[in-house]
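Work through the exercises below with the model open. Try each task before reading its solution.

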Amino acid sequence: MTRSPVWHPFTQHGLEPPMKKVIETEGAYLIDEAGNRILDAISSWWVVTHGHRHPTIMEAIRRATDSYDQVIFAEYTHAPAEELARGLIKVSPAGLEHVFYSDSGSTAVEVALKMALGFFHNTGRRRDRIVVMEHGYHGDTIGTMSVGERGVFNAAYEPLLFGVDRLAFPEPGSEQQTLDAFHRLCRSGKVAALLIEPLILGAGGMKMFEPSLLGRLSEIARSHDVLFIADEVMTGWGRTGTLFACDQAGICPDILCTSKGLTGGAMPLAATLCTSEIFDAHVSTDRRKTFFHSSSYTANPIACAAAVANLEIWANEPVQARIDRLAALQEKALRRFANDRRFMNVRQTGTIAALDMAVRSEGYLADIGPHLRSFFRDRHLLIRPLGNVIYLMPPYCVSEAEIDRLYDAIDEAADELIGTAA
Ligand SMILES: *Cc1c(COP(=O)(O)O)cnc(C)c1O
């Protein structure tokens, strides 16, 4: 067999086994060319919400291809983009009135940062500091790496990354310190925006914090005219138990980024929503105040049609009930690990559950990581721990029996691996 020319993401080709070739997806499963049904416990990197190939979304994509391919999105618009924008505004936190499209979570965040800086620039104020939270993740472009946690992932690119102000993660008991630090930064008068993943810091290790903290951060931001940017790329579309994580804190961000579950996980698409105030700051007879951003595939009509179908599913199917059911299943399954010395920090927010394996080497490159991954891979389970952090984020169609199977495997993995790799 000749070697594939494909360079895969987040893959050490010098160590990892050959790729499994997927020939079909269905519900909670990937099906490989040998006919194995692989249980997708991480929703194919957190994008698939309802399940793979939801018929309503597939049909919408087919229908859209009867009329569209790509349409330039300056000077021109189209029904799927218009309908989607109206639908998004209707379901998102109050105050978000405009929708800017792009094609990935990273670009949604880049757009958010540019909106924030453009807002202050166009209104004649010098504010250019961005405040973020320790352990945050916002993407892999140079800009989004700059606002994310620094580490092994971006050491090589460090010279190109811009500086930001970082708040300590609000560990239980130290929330007030995080709030005080934010207050101090705001008082400098230089802060343009707080950028945060609400309720769960995903790629940084599924680190969870309380909705009340989000509310207090939002209040501090508001009292200093600092924009609040919610990166809901992972948390959106029900993951945390509500449509958006911000809903649980009752907060209305100035800017909200959404991508992964926006099309139910079927097509690449992103949207950055903002307030009228931010949009209006870019509306002028002065062409220098234009929002200078675009991707070639901005608002691809087929992707927008898939997202409109996703909104229809939310409107017409008992999605919230499925989310509540999955959250309850996770809660029940996690109980058996509550006082288990093999695990630490057993935790859950909505449909997402996580637990840390008690090993000496922690972090993304924890020794146990590759062992865990191949353990699950051998059992046709798609679980990709973040170092020693095991998490499950399955699509909402997953069954109770499938959840049990996943936790049985985690239990077994702990027995088999903790001694060997600790
Ligand atoms: C995945 C993710 C991103 C980046 O999205 P991509 O589509 O991979 O560029 C940004 N923010 C958060 C919170 C994410 O989880």
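Contact here means heavy atoms within 4.5 Å. The model is predicted.

**Exercise 1. Place Gln330 and describe its surroundings.**

Solution.
- Step 1: Find the element. Gln330 sits in helix H11, which covers residues 319–334.
- Step 2: Judge burial. The cut-off for buried is under 20% relative accessible area. Gln330 has 0% relative accessibility, so Gln330 counts as buried.
- Step 3: List the contacts, leaving aside neighbours within four places in sequence. Gln330 touches Gln348, Thr351, Ile352, Ala353, Leu392, Pro394, Ile403 and Tyr407.
- Step 4: Pick out the polar partners. The side chains of Gln330 and Tyr407 are joined by a polar contact of 2.5 Å. A polar atom of the Gln330 side chain also lies 3.3 Å from the backbone oxygen of Leu392.

**Exercise 2. Locate the lysine that UniProt annotates as modified, and name what it touches.**

Solution.
- Step 1: Read the record. An unreviewed UniProt entry lists Lys260 for "modified residue: N6-(pyridoxal phosphate)lysine".
- Step 2: Locate Lys260. It is in the loop between strand E11 (255–258) and strand E12 (270–274).
- Step 3: Leave out residues up to four places away in sequence. Lys260 is then in contact with Trp45, Trp46, Val47, Val233, Met234 and Gly265.

**Exercise 3. Check the span of helix H4, its burial and what follows it.**

Solution.
- Step 1: Take the length. H4 runs over residues 105–122 and has 18 residues.
- Step 2: Compare spans. From first C-alpha to last, H4 reaches 25 Å, close to the 26 Å expected at 1.5 Å a residue.
- Step 3: Count the buried positions. In H4, 15 of the 18 residues are buried, and the helix is mostly covered.
- Step 4: Look past the end. Gly124 follows H4 and has a positive phi, near 70°.

**Exercise 4. Describe the second largest pocket, then turn to Asp280 in helix H9.**

Solution.
- Step 1: Give the volume. The second largest pocket has about 750 Å³.
- Step 2: Name the elements. Those giving two or more residues to its lining are helix H3 (79–91), strand E4 (98–102) and helix H9 (276–280).
- Step 3: Find the centre. The lining has 28 residues, and Phe73, Val99, Phe100, Phe279 and Phe291 lie nearest the centre of the pocket.
- Step 4: Move to Asp280, which is found in H9. Its relative accessible area is 47%, so Asp280 is partly exposed.
- Step 5: Take a distance. Asp280 and Ser294 are 14 residues apart along the chain, and their C-alpha atoms are separated by 18 Å.

Definitions and conventions: Residues are numbered from 1 along each chain as its sequence is written. This is a predicted model: local features need pLDDT of at least 70, side-chain atom pairs count only at pLDDT 80 or more; totals for chains, interfaces and linings use all residues. Side-chain values use heavy atoms; hydrogens and water are left out. UniProt positions are given in the numbering used here, feature names are shortened, and annotations may be inferred rather than shown by experiment. Helices (H or I, at least four residues) and strands (E, at least two) are DSSP runs, numbered from the N terminus. Buried means under 20% relative accessible area, exposed over 50%, partly exposed in between (1.4 Å probe, protein chains only). A polar contact is a pair of N or O atoms within 3.5 Å; within protein, one must be able to donate a hydrogen and the other to accept it, and residues adjacent in sequence count only if both atoms are side-chain atoms. The expected span of a helix is 1.5 Å times one less than its number of residues. On a 1 Å grid over the protein atoms alone, a cavity is a set of points where a 1.4 Å probe fits but cannot get out, and a pocket is an open set with protein on both sides within 12 Å along at least five of seven lines; lining residues have an atom within 4 Å of a point. Grid points are joined across faces, edges and corners, and a volume is the space filled by probe spheres set on the points.
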